[in-house]
Amino acid sequence: PRARGAATRVLAALRAAAAVMLAQRYWPDGVQFAAAGAMIGHLYPVWLKFKGGKGVSTLLGVIAPLLWWEGPAVYALVWVGLLLTIRISSVASLVAVATAPLSAAVLDKDEFFPLLLGFALLIVWKHRANIQRLFGGTEPKIGRGTA
């Protein structure tokens with residue numbers, strides 16, 4: 001199960017990165033459309049009755065070609081660092097997601113800030129059950145049943 005989950009996350013990131021990179025190469029004016037298509041397609045896939053993933057890995061794939069290399073490095077370091085220290089996956093994910101629009105601003109990629117902020121807000125929305133559990137003290141930690 002863990003290997004399958006890891007493979008799913010890696011493939012989600014690669015799929016999003018491929019969409020953005022193809023747009024960068026063949027349709028530079030459409031890069032943001034490609035990024036949006038990757039994110040929305042992951043979060044709300046038609047073939048799964050609009051019930052998709054939470055988008056954390058997909059956002060990493062989107063920012064990899066947009067904010068190369070600094071943006072994805074910050075995102076991944078925050079994500080992994082928090083997973084290893086506080087051991088609550090949803091917190092690590094939400095904080096990492098918040099770094100995407102911030103990285104765009106810091107790296108003078110202002111054209112991507114609104115898009116990445118929108119993606120971050122969608123991902124927070126997809127994590128609303130996790131947020132409720134966090135406030136209730138019942139969100140599980142990695143390696144344990146509950147927080």
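## Exercises on side-chain pairs

Arg133, with a relative accessible area of 31%, is partly exposed (buried is under 20%, exposed over 50%; 1.4 Å probe, protein chains only). The model is predicted: local features need pLDDT of at least 70 and side-chain atom pairs pLDDT 80 or more, while totals for chains, interfaces and linings use all residues. Residues are numbered from 1 along each chain as its sequence is written, and side-chain values use heavy atoms, without hydrogens and water.

**Exercise 1.** Find which residue meets Arg133 in a salt bridge, and state whether that partner is buried or exposed.

Solution.
- Step 1: the side chain of Arg133 meets that of Glu139, at 2.7 Å from N to O. This fits the cut-off (a side-chain nitrogen of Lys or Arg within 4 Å of a carboxyl oxygen of Asp or Glu).
- Step 2: Glu139 has a relative accessible area of 4%, so Glu139 is buried.
- Step 3: the structure holds one salt bridge.

**Exercise 2.** State how many aromatic pairs the structure holds, and describe each.

Solution.
- Step 1: there are two aromatic pairs (ring centres of Phe, Tyr or Trp, its six-membered ring, within 6.5 Å; planes under 30 degrees apart are stacked, over 60 edge-to-face, the rest tilted).
- Step 2: Trp27 and Phe33 are stacked, with 5.8 Å between centres and 10° between planes.
- Step 3: Trp27 is partly exposed at 48% relative accessibility, whereas Phe33 is exposed at 61%.
- Step 4: Tyr75 and Trp79 pair edge-to-face, at 6.1 Å centre to centre and 80° between the planes.
- Step 5: these residues are four apart in helix 4 (residues 70-85), about one turn of the helix. Helices are DSSP runs (H or I, at least four residues), numbered from the N terminus.
- Step 6: Tyr75 is buried at 0% relative accessibility, and Trp79 is buried at 14%.

**Exercise 3.** Describe the surroundings of Lys126, a residue of helix 6 (residues 113-126).

Solution.
- Step 1: Lys126 lies over the face of Tyr44, 4.6 Å from the ring centre (cut-off: NZ of Lys or CZ of Arg within 6 Å of the centre and within 35 degrees of the ring normal).
- Step 2: beyond its neighbours within four places in sequence, Lys126 contacts (heavy atoms within 4.5 Å) Leu43, Tyr44, Gly52, Gly53 and Lys54.
- Step 3: Lys126 is buried but has no salt bridge, and the nearest side chain of opposite charge, Glu139, is 15 Å away. Lys and Arg count as positive and Asp and Glu as negative; His and the chain ends are not counted.

**Exercise 4.** Find which ring lies under the charged end of Arg128.

Solution.
- The ring is that of Trp125, with its centre 3.9 Å from the charged end of Arg128.

Conventions:
Helices (H or I, at least four residues) and strands (E, at least two) are DSSP runs, numbered from the N terminus.
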